[in-house]
Amino acid sequence: MSEERHGTRRSGGPRKAQEIFDATLDLLAEKGYEGLTIEGVAQRSGVNKTTIYRWWPSKGALLGAALIGARQLDFTPPDTGSLAGDLEVLLHTVVTLLTTRPASDIAVSVLGAATQSPELAVHVRDFFADRIALEQPVFDRAIARGELAADTDTTLLMDLLAGAAWVRVVLRQLPLEKGFVSRTVATVLNGARVQT
């Protein structure tokens with residue numbers, strides 16, 4: 001992961017960007033978006049709040065930067081050699097995010113708050129745009145191998161996969177049975193119809 005993506009000094013961020021991002025995500029997990037404050041982040045990170053405000057004028061802007069730049073949410077796209085294998089790894093990452101604390105607390109807090117805060121919603125869109133860009137090599141390789149059509153809507157493909165996990169875990173609050181990831185990927189790639 002490049003330092004520039006993490007908002008460190010090379011890209012114009014403060015020297016202690018990671019400490020700030022870690023404190024932001026930790027406080028979000030503990031207190032939710034309403035309880036997240038710049039003052040709390042300053043205290044937890046050991047950075048003066050004026051420094052934080054200099055780089056991020058609001059908690060929405062700070063949280064948006066933390067989502068993209070925090071090491072806690074680092075992401076390396078898989079390369080298993082097949083589209084199905086790569087999608088299973090990607091979906092497993094989403095499932096882990098939604099079922100393992102503190103990541104699950106962060107994810108649910110952010111998406112819940114984004115529905116109430118237009119400013120945060122913009123930053124959440126930026127986060128997902130960043131994720132899709134990081135996932136793109138998976139789809140480029142699949143197209144090169146002939147596993148996907150070049151005009152495939154890869155954002156829709158990921159929405160279908162991640163959406164299945166979000167609905168099952170967050171909205172329905174059901175446990176994920178063994179085989180959920182592979183079954184979901186197979187259904188999205190092959191459809192639910194009887195294959196003839």
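User: Helices (H or I, at least four residues) and strands (E, at least two) are DSSP runs, numbered from the N terminus. In which loop is Pro-102 found?
Analyst: This is a predicted model, where local features need pLDDT of at least 70, side-chain atom pairs count only at pLDDT 80 or more, and totals for chains, interfaces and linings use all residues. Residues are numbered from 1 along each chain, and side-chain values use heavy atoms, without hydrogens or water. Pro-102 sits in the loop between helix 5 and helix 6.

User: Is the peptide bond from Arg-101 to Pro-102 cis or trans?
Analyst: Most peptide bonds are trans. Look at omega for the bond from Arg-101 to Pro-102: the value is near 5°. This bond is cis.

User: Which loop holds Gln-173, and what is the phi of this residue?
Analyst: Gln-173 lies in the loop between helix 8 and helix 9, the latter spanning 180–190. Most residues other than glycine have a negative phi. Gln-173 is not a glycine, yet its phi is positive, at about 55°.

User: What is the mean pLDDT of the protein chain?
Analyst: pLDDT is the predictor's confidence in each residue, from 0 to 100. In the protein chain, 94% of residues reach 70 or more. The chain mean is 87.

User: Among the elements of the protein chain, which has the lowest mean pLDDT?
Analyst: Start at the other end of the range. Helix 2, residues 38–45, has the highest mean, 96. The lowest mean is 85, and it belongs to helix 6.

User: How many contacts does the stretch of residues 1–10 have beyond near neighbours in sequence?
Analyst: Over residues 1–10 the pLDDT is below 50. Contact means heavy atoms within 4.5 Å. Beyond near neighbours in sequence, the contacts of this stretch in the model number 27.

User: How far apart do the C-alpha centres of domain 1 and domain 2 lie?
Analyst: The bounds come from an automatic or database domain assignment. Domain 1 covers 16–69, and domain 2 covers 75–190. The two do touch: 12 residues of domain 1 are in contact with 14 residues of domain 2. Their C-alpha centres are separated by 25 Å.

User: Which residues does the UniProt annotation "DNA-binding region" cover?
Analyst: The label comes from an unreviewed entry, and such annotations may be inferred rather than shown by experiment. In the model, the annotated stretch is 75% helix and 0% strand, with its end C-alpha atoms 12 Å apart. The UniProt bounds are residues 37–56.

User: How far apart are the end C-alpha atoms over residues 14–74?
Analyst: UniProt lists residues 14–74 as "domain: HTH tetR-type", again in an unreviewed entry. Over this range the chain is 74% helix and 0% strand. The end C-alpha atoms of residues 14–74 are separated by 19 Å.
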